[in-house]
Amino acid sequence: MNFLKPKFWDYSEISFLAILLFPFSTFYKLLFFLKKILTRKYNFSVPIVCVGNIYLGGTGKTPVCIELFSILKE
C-alpha cells in the first residue's frame, strides 16, 4: 500500500484557504489547550491495558482480551 502526501504540502506560498481557516485552527488549538489544563489525571492502583483501534467490530479485540486475561491471571 502506497501513501502519497497531498500536493498542497509542497506549495511555498500561503493560499487563500489557509488564511481563511487559520482563525478556526487557532480556536480549535485553544479549546484543546483548555481541555488539557482543566481535565484531571487519575492514577489507578492496577495497570490498565487498552486493546482497541478505530474500527468498531470484527477485528478480534474480544478474543485478544480473553487471551490477555488468561495470560495475566496466571
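## A walk through a chain with two cysteines

The structure holds 0 disulfides. Keep that in mind as you look around; this is a predicted model, and we will start with the cysteines.

**Stop 1: the cysteines.** Select C50 and C65 and show their side chains. Why is there no bond between C50 and C65? The sulfur of C50 lies 8.7 Å from the closest cysteine sulfur, the one in C65, and that is too far for a bond. A disulfide needs the two sulfur atoms within 2.5 Å. From the other side, C65 is likewise in no disulfide, with the sulfur of C50 as its nearest cysteine sulfur. Now turn on the surface. Is C50 buried or exposed? C50 is exposed, because its relative accessible area is 72%. C65 has 36% relative accessibility, so it counts as partly exposed.

**Stop 2: the helices and the loop.** Switch to a cartoon view. You should find 2 helices and 0 strands in the protein chain. Select 16–38 for α1 and 61–73 for α2, then look at the loop between them, where Y42 is found. Y42 counts as exposed because its relative accessibility is 59%. Next, add S70 to your selection and draw a distance between the two C-alpha atoms. How far apart are the C-alpha atoms of Y42 and S70? They are separated by 26 Å, with the two positions 28 residues apart along the chain.

**Stop 3: a charged pair.** Select K5 and D10. Side chains of opposite charge can pair when their charged atoms come close. Here K5 forms a salt bridge with D10, and the closest N and O atoms are 2.9 Å apart. How many salt bridges does the structure hold? The count is 1. To see the other charges, color the side chains by sign: the protein chain has 9 positive and 4 negative ones. The centres of these two sets lie 13 Å apart.

**Stop 4: the whole chain.** Zoom out and rotate slowly. Along the principal axes, the C-alpha atoms fill a box of roughly 60 × 40 × 20 Å. The radius of gyration of the protein chain is 21 Å, whereas a compact globule of 74 residues would have one near 11 Å. What share of the 74 residues is buried? Buried residues make up 0%. Finally, show the surface of the full chain: about 8,200 Å² is exposed, and carbon and sulfur atoms supply 69% of that area.

Notes. Residues are numbered from 1 along each chain as its sequence is written. This is a predicted model: local features need pLDDT of at least 70, side-chain atom pairs count only at pLDDT 80 or more; totals for chains, interfaces and linings use all residues. Side-chain values use heavy atoms; hydrogens and water are left out. A salt bridge is a side-chain nitrogen of Lys or Arg within 4 Å of a carboxyl oxygen of Asp or Glu. Helices (H or I, at least four residues) and strands (E, at least two) are DSSP runs, numbered from the N terminus. The radius of gyration is taken over C-alpha atoms; the globule rule is 2.2 Å times the number of residues to the power 0.38. Buried means under 20% relative accessible area, exposed over 50%, partly exposed in between (1.4 Å probe, protein chains only). Accessible areas come from the Shrake-Rupley method with a 1.4 Å probe; for residues, only the protein chains shown count as cover. Lys and Arg count as positive and Asp and Glu as negative; His and the chain ends are not counted. The place of a charge is taken as NZ of Lys, CZ of Arg, CG of Asp or CD of Glu.
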